[in-house]
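Please follow the account below with the sequence and the coordinates at hand. It proceeds from one helix to its surroundings and then to the chain as a whole.

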Amino acid sequence: MESIPAPGKIFVAPGVLITVARLAALSVPGVARMSPVPGGVNQFFRLGSSRGVRLETEGESVSTELFLVVRSDADVREVARKVQLEVGRAINEIVGLQAGEIIVHIEDVEPAAPD
C-alpha cells in the first residue's frame, strides 16, 4: 500500500521565477538582450533588477515587468506581444503558477551588425 504524502506547501525561490521569465523573454526572436531595470539606488537591493526582470508575487499569481533591448530589424510591437505570451506560458507551465500582469518595457534598439 502506497503512503500518501502529507499536504504541505511548495515554495519557488524568486531567483527561479526571474530565471524562467528571463529565459522565456530571450527565446523570442527579435530580443537582443535584457536591459537593467532603471530606478536609482533602490534597484541594487531588488532581486533581478540587474537581469532585466522585476516581479511581484501575490498568492499563486506572478506579475512581471521585463526590460528589453530589441533588434533594429524586428517589429517592436510584435516582439513585445510574443514576449508577453511566452513569459506567461513559461510561468504557467514550468513553474505552475498563474501569470498575472506582464509588462514589457522596450529600453533600446540594437543597431544591425554591419555586413
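On helix 2, the face turned away from the buried side carries the exposed residues Arg77, Leu85 and Glu93. The model is a predicted one. The buried residues of this helix are Val79, Ala80, Val83, Val87, Gly88, Ala90, Ile91 and Val95. Viewed down the helix axis, these buried residues fall within an arc of 165°, so they line one face of helix 2. A general property of the α-helix is relevant here: with 3.6 residues a turn, residues three or four places apart point the same way. The cover over the buried residues of helix 2 includes helix 1, strand 1, strand 3 and strand 4.

Helix 2 spans residues 76-95. Its 20 residues reach 27 Å from the first C-alpha to the last, close to the 28 Å expected at 1.5 Å a residue. At the N-terminal end, Asp75 acts as a cap, with a side-chain oxygen 3.2 Å from the backbone nitrogen of Arg77. Just after the helix, Gly96 adopts a positive phi of about 85°.

Which residues does Glu86 of helix 2 touch, leaving aside those up to four places away in sequence? They are Ala24, Ser27 and Val28. Glu86 is partly exposed, with a relative accessible area of 23%; the value exceeds the 20% under which a residue counts as buried, and therefore Glu86 is not assigned to the buried class. Between Glu86 and Ala25 the C-alpha to C-alpha distance is 6.8 Å, although the two are 61 residues apart in sequence. The side chain of Glu86 also makes a polar contact of 2.7 Å with the side chain of Arg89.

Ala25 leads to helix 1, where it is buried together with Leu17, Ile18, Val20, Ala21 and Ala24. These residues cover an arc of only 165° around the axis, which puts them on the same side of helix 1. Strand 1 (31-34), strand 2 (53-58), strand 3 and helix 2 are among the elements that cover them. Helix 1 itself, residues 14-26, has 13 residues and reaches 18 Å from its first C-alpha to its last, close to the 18 Å expected at 1.5 Å a residue.

The strands on either side of helix 2 in sequence come next. Strand 3, helix 2 and strand 4 make a right-handed β-α-β unit. Strand 3 (residues 61-71) and strand 4 (residues 98-110) pair in the parallel sense over 10 bridges. Within this pairing, Glu65 has Ile103 of strand 4 as its bridge partner.

Thr64 also lies in strand 3. Is Thr64 buried or exposed? Its relative accessible area is 2%, so Thr64 is buried. Apart from residues up to four places away in sequence, Thr64 touches Ala21, Val53, Arg54, Leu55, Val87, Ile91, Glu101, Ile102 and Ile103. Of these contacts, Ala21 is one of the buried residues of helix 1, and Val87 and Ile91 are among the buried residues of helix 2.

For the whole chain, the secondary structure comes to 2 helices and 4 strands, in the order α-β-β-β-α-β from the N terminus. Of the 115 residues, 32% count as buried. Among contacts in the chain with a separation of 6 or more, 67% join residues 24 or more positions apart.

Technical notes:
Residues are numbered from 1 along each chain as its sequence is written. This is a predicted model: local features need pLDDT of at least 70, side-chain atom pairs count only at pLDDT 80 or more; totals for chains, interfaces and linings use all residues. Side-chain values use heavy atoms; hydrogens and water are left out. Two strands pair if DSSP finds at least two bridges between them. A crossover is right-handed if, with the strands pointing away from the viewer, the path from the first strand over the helix to the second runs clockwise. The expected span of a helix is 1.5 Å times one less than its number of residues. Buried means under 20% relative accessible area, exposed over 50%, partly exposed in between (1.4 Å probe, protein chains only). The arc is that of the directions from the helix axis to the C-beta atoms. Contact means heavy atoms within 4.5 Å. A polar contact is a pair of N or O atoms within 3.5 Å; within protein, one must be able to donate a hydrogen and the other to accept it, and residues adjacent in sequence count only if both atoms are side-chain atoms.
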